[in-house]
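Reader: I would like a close look at the interior of this protein, with attention to how its packing is built up and to the individual residues that illustrate it. Please take the answer slowly and keep it connected.

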Amino acid sequence: MLNSKKSQTTPERCRSVTVPPELIPFSEPSVLLPGESLHEFEAIRQMMVDDIRPETNVEWLWTLDLVELSWEILRYRRLKKRILDAHRVAAIEAILQRLDGEGMPAEAMPMVRTRARQAAAEWRVDQEAAIEIEARLDRGGFDAIDINAEVFVQARELFDMFDQLMIAAQRRRIGLLREISIRHEFVRRVRRVIGAPDSL
């Protein structure tokens, strides 16, 4: 039901930004994942169309690609934040292991790890336990910045992956913007030479 509603509303919105009729099927958001907002996607598309003002079919296709690349970049930023939130429990667990395991014999470490895992799980769901655990961390010399640093350590592989995806999308977006800019400048020069009004 939701998908059919999307497919009905999207072409309507596209007509309001004067997408050429033959390109309307390509302007539908094929990149939306569950939980992402069609309204936000359309707002991004409208902003890009307003700024670029595509005139030819090629410019429209480039602009639609730019919309999807921009959406991907925003998605990666949101996912990076979620990854950091998700790894906060692992960071608390790792710090508690260091605190509780200091000076302990090697044979006691499995018990230390188990207790640290349980305490980190409680920190996530129990407000009183969270206050007590944060006080322990503070007494051990670990403040919010230390915890954030540990979060980055715990999440580094996924964080690096999303950074690489974001960098690749940004490079592709910059390349498309450069192509559009060169094309617009060429059209402006041609119009000046022939004395046509410069609508760009």
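Author: What follows goes from the whole chain to its nonpolar cores, and then to a few single residues.

The model is a predicted one, and its protein chain has nine helices and zero strands, so the order of elements from the N terminus on is given by DSSP runs as α-α-α-α-α-α-α-α-α. Of the 200 residues in the protein chain, 36% are buried. Among the contacts with a separation of 6 or more, 69% are between residues 24 or more positions apart. The accessible surface of the protein chain comes to about 12,700 Å², and carbon and sulfur atoms account for 56% of that surface.

The largest nonpolar core has 37 residues, and within this core the residues with the most contacts are Ile92, Leu96, Ile133 and Leu137. Two or more residues of the core come from each of α3 (38-52), α4, α5 (88-101), α6 (109-125), α7 (127-139), α8 and α9. The greatest contribution is that of α4, which gives eight residues. Leu96 shows what this packing looks like at one position: setting aside residues up to four places away in sequence, Leu96 touches Gly101, Ala116, Ala119, Ala120, Ile133, Arg136 and Leu137. Apart from the largest core there is a second, separate one of five residues, which include Val19, Leu23, Ile24 and Trp60.

Helix α4 offers two residues that can be set side by side. Thr63 lies in this helix, which spans residues 57-86, and Thr63 counts as buried because its relative accessible area is 0%, below the 20% limit. The side chain of Thr63 reaches the backbone oxygen of Glu59 at 2.7 Å. Beyond its neighbours within four places in sequence, Thr63 is in contact with Met48, Val49, Ile52, Pro54 and Ile180. Leu74 is also found in helix α4, but with a relative accessible area of 28% Leu74 is partly exposed, since that class lies between the 20% and 50% limits. The C-alpha atom of Leu74 is separated by 8.7 Å from that of Met166, although these two residues are 92 residues apart along the chain.

A charged residue in the interior deserves its own description. Glu150 is found in helix α8 (residues 144-154), and Glu150 is buried because its relative accessible area is 9%, again under the 20% limit. The side chain of Glu150 makes a polar contact, at 3.1 Å, with the side chain of Arg98. Arg98 also appears among the residues that Glu150 touches once those up to four places away in sequence are left out, the others being Ala91, Ala94 and Ile95.

The surface gives a counterpart to this interior. Phe186, Val190, Val193 and Ile194 form a nonpolar patch there, with about 450 Å² of accessible area together. Val190 is found in helix α9 (residues 156-194), and its relative accessibility of 35% makes Val190 partly exposed. That value can place Val190 in a patch because patches are made of residues with over 30% relative accessible area.

Definitions and conventions:
Residues are numbered from 1 along each chain as its sequence is written. This is a predicted model: local features need pLDDT of at least 70, side-chain atom pairs count only at pLDDT 80 or more; totals for chains, interfaces and linings use all residues. Side-chain values use heavy atoms; hydrogens and water are left out. Patches are made of residues with over 30% relative accessible area and no salt bridge: like charges are joined within 9 Å, nonpolar side chains (Val, Leu, Ile, Met, Phe, Trp, Tyr) within 5 Å. Accessible areas come from the Shrake-Rupley method with a 1.4 Å probe; for residues, only the protein chains shown count as cover. A salt bridge is a side-chain nitrogen of Lys or Arg within 4 Å of a carboxyl oxygen of Asp or Glu. Helices (H or I, at least four residues) and strands (E, at least two) are DSSP runs, numbered from the N terminus. Buried means under 20% relative accessible area, exposed over 50%, partly exposed in between (1.4 Å probe, protein chains only). A polar contact is a pair of N or O atoms within 3.5 Å; within protein, one must be able to donate a hydrogen and the other to accept it, and residues adjacent in sequence count only if both atoms are side-chain atoms. Contact means heavy atoms within 4.5 Å. A nonpolar core is a set of buried Ala, Val, Leu, Ile, Met, Phe, Trp, Tyr and Cys residues joined through side-chain atoms within 4.5 Å.
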